[in-house]
Amino acid sequence: MADSPRPHPDDESSPVLEVNELVVAYGTRIVVRGVSFEVSRGEIFGLLGPNGAGKTSTLSAIEGLLAPEGGAILVDGVDVQRDPLRARASLGVQLQASSFQPELTIEQLVALYAGLNGVALTRAEIAEAMTAAGLGGELGKRFKKLSGGQQQRLALFIATIHRPVLLLLDEPTAGLDPQSRRRLWDRIERLSGAGGGVVLTTHSMEEAQAVCHRVAILDHGALLALDTPANLIAQHRNDPRVLRAARGEVTLEDVFIGLTEDDTDG
């Protein structure tokens with residue numbers, strides 16, 4: 001159901017997301033500077049960067065919440081600015097802090113958001129879906145009583161309830177224990193394996209290296225590097241900035257720290 005994204009009507013090889021020379025500004029302050037990247041179907045794509053690097057602004061522009069100063073964004077071939085409703089219909093979004101009605105039960109929340117998205121689900125189908133999501137015994141539990149991991153699993157299901165072809169995840173595992181984090185990784189991998197594209201922001205380089213097929217490293221609104229984690233490590237293994245950060249064998253975290261280090265810090 002929610003784990004099976006809608007197929008593209010024309011070309012399965014076309015990117016699910018195209019970001020071309022994106023520029024985002026708040027007044028006179030430019031926070032995203034000519035960033036370009038594509039996300040393929042079935043790909044988990046990581047957006048990495050320190051706080052203030054432009055990750056959230058990039059996601060907000062993809063969602064259509066921010067009007068860019070320049071560039072273009074296509075979601076499943078649809079221009080976000082020219083046809084925002086159609087583009088938004090292809091999107092699923094899960095934020096770090098999920099804001100659901102705290103007094104409603106899991107079953108009530110799923111039924112509510114299914115209805116809002118035009119998805120018809122019977123009580124039996126809701127129960128089956130929640131069992132698959134690891135929440136089968138919690139249907140009558142109110143949202144405010146759920147653990148952090150349970151809240152994130154429910155939020156991920158609701159974000160994909162309309163079978164979007166592109167899923168945006170903003171630090172989805174922040175604050176989760178290791179077991180809950182691994183379970184969420186598994187579910188994200190299943191979603192991408194069903195053909196949906198995923199864009200993931202995270203501060204965890206372990207997470208990025210474990211689940212992302214490719215990653216883009218942003219800093220001060222600019223794209224510094226884009227490749228697979230393994231290729232980025234190989235390309236920057238001998239970079240003096242990376243070697244200064246390394247504590248043993250070079251990791252993606254070392255590459256990230258080396259490329260985004262602030263020379264003004266001395």
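This is a short tutorial dialogue on reading the sheets, a helix, the aromatic rings and a cavity in a predicted model.

User: What kind of model is this, and how are its residues numbered?

Analyst: It is a predicted model, where local features need pLDDT of at least 70, side-chain atom pairs count only at pLDDT 80 or more, and totals for chains, interfaces and linings use all residues. Residues are numbered from 1 along each chain as its sequence is written, and side-chain values use heavy atoms, with hydrogens and water left out.

User: Let's begin with sheets. How do strands of a sheet pair?

Analyst: They pair through backbone hydrogen bonds, either parallel or antiparallel. Strands (E, at least two residues) and helices (H or I, at least four) are DSSP runs numbered from the N terminus, and two strands pair if DSSP finds at least two bridges between them. Here, one open sheet has 6 strands in the order β6-β7-β8-β3-β9-β10, with mixed pairing. Its edges are β6 and β10, which each have a single partner strand, so one side of each lacks a neighbour in the sheet. From one strand to the next, the twist averages 15°; for such angles, axes are lines fitted to C-alpha atoms (for helices over the stretch in contact), and values run from 0 to 180 degrees between N-to-C directions.

User: Which strands of this sheet pair in the parallel sense?

Analyst: Among them are β7 (residues 166-170) and β8 (residues 197-201), with 5 bridges; D170 stands opposite T201 there. Another parallel pair is β3 (residues 44-48) with β9, over 4 bridges, where F45 faces R214 of β9.

User: And how does β9 run relative to β10, parallel or antiparallel?

Analyst: Antiparallel: 5 bridges join β9 to β10 (residues 222-227), and L218 has L223 as its bridge partner. The two strands form a hairpin with 2 residues between them, and H220 in the turn has a positive phi of about 50°.

User: Is β9 mostly covered or mostly open, and what does "buried" mean?

Analyst: Buried means under 20% relative accessible area, exposed means over 50%, and partly exposed is in between (1.4 Å probe, protein chains only). In β9 (residues 214-219), 5 of the 6 residues are buried, making the strand mostly covered.

User: What is the order of strands in the 4-strand sheet?

Analyst: That open sheet runs β2-β1-β4-β5, with antiparallel pairing. The edge strands are β2 (29-39) and β5 (78-79); each has a single partner, so one side of each is left without a neighbour in the sheet. Strand β4 (residues 70-75) joins β5 through 2 bridges, and L74 stands opposite D79.

User: Which strands of this sheet does helix α1 touch?

Analyst: Contact means heavy atoms within 4.5 Å. By that rule α1 (residues 55-63) packs on the sheet and touches β1 (17-26), β2 and β4, its direction making about 115° with that of β1. The helix is mostly covered, with 8 of its 9 residues buried; among them are L59, A61 and I62. Just after α1, G64 takes a positive phi of about 90°.

User: How is a pair of aromatic rings described?

Analyst: By the distance of the centres and the angle of the planes. Rings of Phe, Tyr and Trp (its six-membered ring) pair if their centres lie within 6.5 Å; planes under 30 degrees apart are stacked, over 60 edge-to-face, and the rest tilted. The count here is 3 aromatic pairs. F37 and F45 are stacked, at 4.9 Å centre to centre with 10° between the planes. F37 is buried at 4% relative accessibility, and F45 is buried at 0%.

User: Why is the pair of F100 and F143 edge-to-face?

Analyst: Their centres are 5.3 Å apart and their planes stand at 75°, so the pair is edge-to-face. F100 lies in the loop between β6 (91-94) and α3 (106-116), and F143 in the loop between α4 (123-132) and α5 (148-159), so the pair ties together parts 43 residues apart in sequence. F100, Y113 and F143 form one aromatic cluster.

User: Last one: how many cavities are there?

Analyst: On a 1 Å grid over the protein atoms alone, a cavity is a set of points where a 1.4 Å probe fits but cannot get out, and lining residues have an atom within 4 Å of a point. Grid points are joined across faces, edges and corners, and a volume is the space filled by probe spheres set on the points. There are 2 cavities of 30 Å³ or more. The second largest has a volume of about 30 Å³, and its lining includes A61, P68 and D79. The largest share of that lining, 3 residues, comes from β4.

Methods:
1 Å grid on protein atoms, 1.4 Å probe; cavity = no way out; pocket = protein on both sides within 12 Å on 5 of 7 lines; lining within 4 Å.
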